[in-house]
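User: I am new to this structure. Please take me through the labels and the reasons behind them.

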Amino acid sequence: VITWGNGECGGDSSAVKEDLTSVQQIVSTLSAFAALKADGSVITWWCGAFGRELGGDSSAVKEELTGGVEQIFSSGGFF
């Protein structure tokens, strides 16, 4: 996966660049992104001050995102 554009709006995915391989799907909220990988794991990143609050910070469900995810849905502020 390659991202570009305003780094404050998700264009900078360098923090998770090494994890963005074998991506099958990418979905977004207003300020956060989630990539579903072929192995069923999910990688998230966010932009700006609100991205963490709008779904980008997946630390609370980290263990559930290591595999077995089949699809991701999103809305304006959550996945």
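Analyst: Strands are DSSP runs of at least two E residues, numbered from the N terminus. Ser-22 is found in the segment before β1. Keep in mind that this is a predicted model.

User: Why is Ser-22 called partly exposed?

Analyst: Its relative accessible area is 49%. Buried means under 20%, exposed means over 50%, and partly exposed is in between. So Ser-22 counts as partly exposed.

User: What is the phi of Ser-22?

Analyst: Ser-22 has a positive phi, about 55°. That is so although Ser-22 is not a glycine.

User: Which strands form the sheet, and in what order?

Analyst: The sheet is open and has 3 strands, in the order β1-β2-β3, with antiparallel pairing. β1 (23–28) and β3 are the edge strands.

User: What makes β1 and β3 edge strands?

Analyst: Each pairs on one side only. On average, neighbouring strands of this sheet are turned by 20° against each other, direction ignored.

User: How do you know that β1 and β2 pair?

Analyst: Pairing needs at least two bridges found by DSSP. β1 and β2 have 5 bridges, in the antiparallel sense. So the two strands count as paired. Take Val-27: its bridge partner in β2 is Ala-34.

User: How many aromatic pairs does a search of the whole structure find?

Analyst: The search finds 1 aromatic pair. The rings belong to Phe-33 and Trp-45.

User: Why is the pair of Phe-33 and Trp-45 called stacked?

Analyst: Start with distance. The ring centres are 5.4 Å apart, and the limit for a pair is 6.5 Å. Next, the angle. The planes lie at 20°, and stacked means under 30 degrees. So the pair is stacked.

User: Where in the chain do Phe-33 and Trp-45 sit?

Analyst: Phe-33 is in strand β2 and Trp-45 is in strand β3. They are 12 residues apart, and the pair links distant parts of the chain. Both residues are buried.

User: Why does Ser-41 count as buried?

Analyst: Ser-41 has 10% relative accessibility. The cut-off for buried is under 20%, so Ser-41 counts as buried. Ser-41 lies in the loop between β2 (32–37) and β3 (42–46).

User: What does Ser-41 touch, not counting residues up to four places away in sequence?

Analyst: On that count, Ser-41 touches Ala-35, Leu-36, Leu-65, Thr-66 and Gly-67.

User: What makes the link between the side chains of Ser-41 and Asp-39 a polar contact?

Analyst: The distance is 2.6 Å. A polar contact takes N or O atoms within 3.5 Å, one able to donate a hydrogen and the other to accept it. The two side chains therefore make a polar contact.

Notes:
Residues numbered from 1 in each chain as written. Predicted model: local features only at pLDDT ≥ 70, side-chain atom pairs only at ≥ 80, totals over all residues. Heavy atoms only, no water. Helix = DSSP H or I, 4+ residues; strand = E, 2+ residues; numbered from the N terminus. Buried < 20%, exposed > 50% of the residue type's maximum accessible area, 1.4 Å probe, protein only. Contact = heavy atoms within 4.5 Å. Phe/Tyr/Trp six-rings, centres within 6.5 Å; stacked < 30°, edge-to-face > 60°. Axes fitted to C-alpha atoms, helices over the stretch in contact; angles between N-to-C directions.
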